[in-house]
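Ready for a few exercises? Take a look at the model below, then work through the tasks one at a time.

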Amino acid sequence: MTSRGEAGDMQRERLVVIVVYDGVQMLDVVGPAEVFATAARHLVDGGGYRVRIVSGDGQSVRSDSGLRLDVDGPLAEQVDPVDTVLVAGGRGCHVAAESAELLAALDDVGRCARRRGSVCTGAFVIAAAGWLTGRAATTHWMAGGRLAREHPDVRVSPDRIFIQDGDVFTSGGASAGMDLALALVEADHDAALARGVARELVLFLQRPGSQSQFSARMEHAIPAKSPLRTVIDEVVADPAADHRLSVMAERARISERHLGRLFAEQMHTTPGRFVERVRVDFACGHLEQTDLGHAAIAARSGFGNEETMRRAFARVLDLSPAEYRRRFQTTRRIPAQHQEKR
């Protein structure tokens, strides 16, 4: 088989293999597949994508929602050069992670693919396959603690949309798999294509969530080498950290004036407003999904106190935190005493 790194160069059409199993989550499969398929339609001059859905034994699978999913064949019989292999997540991930047949096939295909990765809790499967040993990774925020306990050799960061460590990519919750797919399309081509795909699919790229599961840096077509990349990723990864203008400028190794100019030109906002929006979205996730009090949420989100958070909500959402919680809090929230400390 072809060695890693050569597969993508040998074919203009990149083959993306998505691995499924009984109990897979459909959005983990369909979301990334639609992103790659849409990108292929945009690429009229070739260099597109072809998606194959495979299972360990080549048999159709039943998703965790009860829907039956046909596959293109068994993973072990994948003979075409693979550019990207992604393992989807779902409630069946832990059983899949114990399948010697599946793990052996992943080892074989993974060694030949240009890049490898997972969507959501698919991280448990690729960790069992040894792909994450000694690497940084993310998964669904509710599963981060378990992944860290079961695989102490993995540096788990459950507050990220997606993480790249070498040629291995992991993404957060199911819809974050689409963010990952968009980022891979951008890396293969350019930000303009990724933006076009997002527009066609009508993706809401600023999703609230305590895992910061929205692609703030994908909201605008930021050039690949822009100093904003590092700054934006750090704000999204840890909203409560020190993100004063002077600190962000030092991280980017540019002047404060230049940083402000880049935000205006590439993000159409100011650094301060961007940080405020990220913190509001982060707080929204806690208001929706936890029983934490407003003071605790304000502290975790970087506002410092409830009044500062209330004013930010009024500016960004025209709602108070209390009003937001009344409207959007899920009935399956996580009690504060059961949350892992962030």
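**Exercise 1.** Does Cys-284 count as buried or exposed?

*Solution.* Keep in mind that this is a predicted model. Start with the cut-off: buried means under 20% relative accessible area. Cys-284 comes in at 2% relative accessibility, so it counts as buried. Next, see what company it keeps: Cys-284 is among the members of a core of 13 residues, which also includes Ile-297, Ala-298 and Ala-312.

**Exercise 2.** Work out how α12 and α14 are arranged, and which residues join them.

*Solution.* First find the two helices: α12 covers residues 271–289 and α14 covers residues 306–316. Their axes come within 10 Å and cross at roughly 105°. Angles from 65 to 115 degrees count as roughly perpendicular, so α12 is roughly perpendicular to α14. Now list the contacts. From α12 come Glu-276, Arg-277, Val-280, Ala-283, Cys-284 and Leu-287, and they meet Met-309, Ala-312, Phe-313, Arg-315 and Val-316 of α14. Sort these by type and you get 8 nonpolar, 3 charged and no polar residues.

**Exercise 3.** Do the same for α9 and α11, then find what else α9 packs against.

*Solution.* Helix α9 spans residues 228–237 and helix α11 spans residues 256–267. Here the axes come within 11 Å, with a crossing angle of roughly 85°, so this pair is roughly perpendicular too. On the α9 side, Leu-228, Val-231 and Ile-232 make the contact; on the α11 side, look for Leu-259, Leu-262, Phe-263, Gln-266 and Met-267. That contact splits into 7 nonpolar residues, 1 polar and no charged.

Now widen the view. The buried residues of α9 are Leu-228, Arg-229, Val-231, Ile-232, Val-235 and Val-236. They pack against α7, α10, α11 and α12. A handy rule for reading such a list: an α-helix has 3.6 residues a turn, so residues three or four places apart point the same way.

**Exercise 4.** How many disulfides are there, and why does Cys-120 not form one?

*Solution.* Searching the whole structure turns up 0 disulfides. To count, two cysteine sulfur atoms have to be within 2.5 Å. For Cys-120, the closest cysteine sulfur belongs to Cys-93 and is 8.0 Å away, which is too far for a bond. Cys-120 also counts as buried, at 6% relative accessibility.

**Exercise 5.** Where does Ser-171 sit, and what does it touch?

*Solution.* Ser-171 belongs to strand β11, residues 168–171. With a relative accessible area of 0%, Ser-171 is buried. Leave aside neighbours within four places in sequence, and its contacts include Ser-118, Cys-120, Thr-138, Phe-162 and Leu-180.

**Exercise 6.** Which residues have the most contacts inside the largest nonpolar core?

*Solution.* That core has 80 residues, and the ones to pick out are Val-19, Val-20, Leu-75, Leu-106 and Val-125. Helix α7, residues 176–188, gives the largest share of this core, with 8 residues. Zoom in on Leu-106: not counting residues up to four places away in sequence, Leu-106 touches Val-19, Leu-75, Val-87, Val-125, Ala-129 and Trp-131.

To finish, step back to the whole protein. Its 342 residues are 54% buried, and it has 15 helices and 11 strands. Among contacts between residues at least 6 apart in sequence, 68% join residues at least 24 apart.

How values were computed:
Residues are numbered from 1 along each chain as its sequence is written. This is a predicted model: local features need pLDDT of at least 70, side-chain atom pairs count only at pLDDT 80 or more; totals for chains, interfaces and linings use all residues. Side-chain values use heavy atoms; hydrogens and water are left out. Axes are lines fitted to C-alpha atoms, for helices over the stretch in contact, and angles run from 0 to 180 degrees between N-to-C directions. Helices (H or I, at least four residues) and strands (E, at least two) are DSSP runs, numbered from the N terminus. Angles under 35 degrees count as roughly parallel, over 145 as roughly antiparallel, 65 to 115 as roughly perpendicular and the rest as oblique. Contact means heavy atoms within 4.5 Å. Ala, Val, Leu, Ile, Met, Phe, Trp, Tyr, Cys and Pro count as nonpolar, Asp, Glu, Lys and Arg as charged, and the others, Gly among them, as polar. Buried means under 20% relative accessible area, exposed over 50%, partly exposed in between (1.4 Å probe, protein chains only). A nonpolar core is a set of buried Ala, Val, Leu, Ile, Met, Phe, Trp, Tyr and Cys residues joined through side-chain atoms within 4.5 Å.
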